[in-house]
Amino acid sequence: MHAESRCPDCGPVAPLHVPEHIGAEIVASVVERIQTGVEPRRPAVPLWCPWPLPPGWTTTGVAWAGDDRLGVRATAVACAGPAPLGAGPADLVFVAEEPGVGLGARYAGVPGPDAGPELAEALTEPGPGHPGHVGRAGIRVAGHPTPLWLVNSLTDRSAYAGEARGLWLYAIAWPASAGHLLAEDVVLHDLVEWTPSELVYGAPSPYLHGKA
């Protein structure tokens with residue numbers, strides 16, 4: 001018998017909570033949950049959301065991983081809108097998590113609890129001009145330039161990983177070509193600090209609800 005949630009492959013895992021709907025009251029309840037479990041030596045896990053949203057985009061879901069004993073250890077925010085290059089609709093999921101939680105790796109389709117090995121490989125790959133060169137996405141997180149590195153993922157999506165506030169930061173895009181959005185002027189804002197009243201909400205994300 002085990003007191004914690006367990007994965008048959010990975011062992012103990014933080015249980016994932018995904019509200020069925022999305023709206024201002026749902027975001028407020030998740031923010032309250034995050035703030036309630038904050039410990040003095042462990043800062044609150046951010047709830048990263050693009051703000052302002054790209055033209056035509058909406059917020060389509062929030063999720064968190066953790067329990068009453070350990071508090072919130074990972075968060076996810078989903079958005080949807082028109083894909084770049086006229087490729088139809090696109091979805092983005094931003095994940096912030098403590099090391100070893102595995103939520104970002106799950107959405108990215110990366111084996112293991114986090115993208116550490118994949119990121120290490122990306123950081124040691126050949127430089128520009130080499131056929132094996134892998135680019136990076138440069139976004140701004142809470143006002144700071146933050147590089148995200150492309151990591152291997154399932155072929156139906158593109159996944160980037162990096163670090164912000166001492167935690168893993170993932171950006172996963174469906175379809176794979178939607179990753180070009182991260183080459184634009186994307187700014188991530190922490191909804192735990194302030195949730196804009198102008199935030200627009202759309203239909204619940206299928207990727208937060210198990211399609212990924």
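Reader: How many aromatic pairs are there by the ring-pairing rule?

Author: The model is a predicted one. In it, the rule gives two aromatic pairs. One joins Trp-168 and Tyr-170. The ring centres lie 6.0 Å apart, and the planes meet at 40°, which makes this pair tilted.

Reader: Are Trp-168 and Tyr-170 buried or exposed?

Author: Buried means under 20% relative accessible area. Trp-168 has 15% relative accessibility, so Trp-168 counts as buried. Tyr-170 is at 0%, so Tyr-170 is buried too.

Reader: Which residues form a stacked pair, and how do I read "stacked"?

Author: Look at the angle between the ring planes. Under 30 degrees counts as stacked. Trp-174 and Tyr-207 have planes 15° apart, with 4.0 Å from centre to centre. This pair links distant parts of the chain. Trp-174 belongs to strand β11 (residues 167-174), while Tyr-207 belongs to helix α4 (residues 207-211). They are 33 residues apart. Both Trp-174 and Tyr-207 are buried.

Reader: How do strands hold together in a sheet?

Author: Strands of a sheet pair through backbone hydrogen bonds, and the pairing can be parallel or antiparallel. Here, 10 strands make an open sheet with mixed pairing. The order is β3-β5-β6-β7-β11-β10-β9-β8-β12-β4.

Reader: Which strands stand at the edges?

Author: β3 (16-17) and β4 (48-50) do. Each has a single partner strand, so one side of each has no neighbour in the sheet.

Reader: How many bridges join β10 to β11?

Author: Seven bridges join them, and the two strands run antiparallel. Strand β10 covers residues 158-164. Take one bridge as an example: Ser-158 has Ala-173 in β11 as its partner.

Reader: Where is Val-93, and what does Val-93 touch?

Author: Val-93 sits in strand β7, which spans residues 89-97. Its relative accessibility is 1%, so Val-93 counts as buried. Set aside residues up to four places away in sequence, and Val-93 touches Ala-76, Val-77, Ala-78, Tyr-107, Tyr-170, Ala-171, Ile-172, Trp-174 and Leu-208.

Reader: What separates the C-alpha atoms of Val-93 and Ala-173?

Author: Compare two distances here, one along the chain and one in space. Along the chain, Val-93 and Ala-173 are 80 residues apart. In space, 6.6 Å separates their C-alpha atoms.

Reader: Which strands does helix α1 lie across?

Author: Helix α1 (residues 24-36) lies across β5 (58-67) and β6 (71-82). The helix runs at about 30° to β5.

How values were computed: Residues numbered from 1 in each chain as written. Predicted model: local features only at pLDDT ≥ 70, side-chain atom pairs only at ≥ 80, totals over all residues. Heavy atoms only, no water. Helix = DSSP H or I, 4+ residues; strand = E, 2+ residues; numbered from the N terminus. Buried < 20%, exposed > 50% of the residue type's maximum accessible area, 1.4 Å probe, protein only. Contact = heavy atoms within 4.5 Å. Phe/Tyr/Trp six-rings, centres within 6.5 Å; stacked < 30°, edge-to-face > 60°. Pairing = 2+ DSSP bridges. Axes fitted to C-alpha atoms, helices over the stretch in contact; angles between N-to-C directions.
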